[in-house]
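Trainee: Could we go through a few of the labels people put on this model? I'd like to see the reasoning behind each one.

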Amino acid sequence: MSYNIQLFSIKTKEKEKAADDDSFFDREENLVPFTGEQIAGLKERLLKYKYALVREDEKGIHFSHPDEDFGNALLTDKGLYFDANLSESSIFEVGMTASEFTDTGEFAKYDPQNEGWEEF
C-alpha cells in the first residue's frame with residue numbers, strides 16, 4: 001500500500017467544486033488536461049527535485065527518487081500523481097513537495113486520504 005497525493009490543473013479543482021459529485025474523479029473526462037508548457041514545466045521541476053525519469057509508457061512519464069521518502073511520481077496529461085510510502089516522513093515529504101508545486105497558482109493539490117483539496 002501507499003499514500004497517494006495528486007496535483008491537478010486549478011481548472012480541474014474549480015470544475016470538481018462546481019460539480020459537487022462524489023464520483024467526479026472516477027471519470028477521467030472530468031479532469032482538465034495540462035497544457036504542453038505545464039507538462040514540460042512539471043517534468044523539469046521533478047528533475048530539479050532529483051526525481052529520475054524511469055520510463056514513458058501509455059500511462060505517462062514515471063519518475064522515482066533516490067530517497068525513498070520522496071516516493072515515486074507519475075506525470076500524465078491530466079495529473080501528477082505522487083506515491084509515498086506509509087511512513088510519516090514519506091507522507092510529509094511527498095505532501096510538502098506537492099504543495100510546493102502549487103506555488104505558481106496553476107495547480108492544486110488533492111489529497112484523497114485527507115479531506116481533499118489543499119486550501120490556503
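Mentor: Sure. Keep in mind that this is a predicted model. Let's start with a cut-off: exposed means over 50% relative accessible area, buried means under 20%, and partly exposed is in between.

Trainee: Why is lysine 48 called exposed?

Mentor: Its relative accessible area is 62%, and the label exposed needs over 50%, so lysine 48 earns it.

Trainee: And what makes glutamate 44 partly exposed?

Mentor: Glutamate 44 comes out at 46%. That value falls between the 20% and 50% limits, so partly exposed is the right term.

Trainee: How do you know that lysine 48 and glutamate 44 form a salt bridge?

Mentor: The rule asks for a side-chain nitrogen of Lys or Arg within 4 Å of a carboxyl oxygen of Asp or Glu. Here the closest N and O atoms are 3.4 Å apart, so the pair qualifies. Both residues sit in helix α2 (residues 36–48), four residues apart, about one turn of the helix.

Trainee: What makes arginine 45 and aspartate 103 a salt bridge?

Mentor: Their N to O distance is 2.9 Å, and the limit is 4 Å, so they pass. Arginine 45 belongs to helix α2, while aspartate 103 is in the loop between α3 (88–100) and β6 (107–111), so this pair ties together parts that are 58 residues apart in sequence. Aspartate 103 has a relative accessible area of 54%, so it counts as exposed by the over 50% rule.

Trainee: Why do aspartate 57 and arginine 55 count as a salt bridge?

Mentor: Same test: 3.3 Å from N to O, set against 4 Å, so yes. Aspartate 57 at 27% and arginine 55 at 43% are each partly exposed, because both values lie between 20% and 50%. Elsewhere, salt bridges with shared partners join Lys13, Lys17 and Glu119 into one network.

Trainee: How many salt bridges does the rule give?

Mentor: The count comes to eight.

Trainee: Why is leucine 42 called buried?

Mentor: Leucine 42, which lies in helix α2, has 3% relative accessibility. Buried means under 20%, so the label holds.

Trainee: Which residues does leucine 42 touch, leaving out those up to four places away in sequence?

Mentor: They are Leu7, Phe34, Leu75, Leu80, Phe101 and Phe107. Take phenylalanine 101: leucine 42 is 59 residues from it in sequence, yet the C-alpha to C-alpha distance is 8.1 Å. The contact call itself rests on heavy atoms within 4.5 Å.

How values were computed: Residues numbered from 1 in each chain as written. Predicted model: local features only at pLDDT ≥ 70, side-chain atom pairs only at ≥ 80, totals over all residues. Heavy atoms only, no water. Helix = DSSP H or I, 4+ residues; strand = E, 2+ residues; numbered from the N terminus. Buried < 20%, exposed > 50% of the residue type's maximum accessible area, 1.4 Å probe, protein only.
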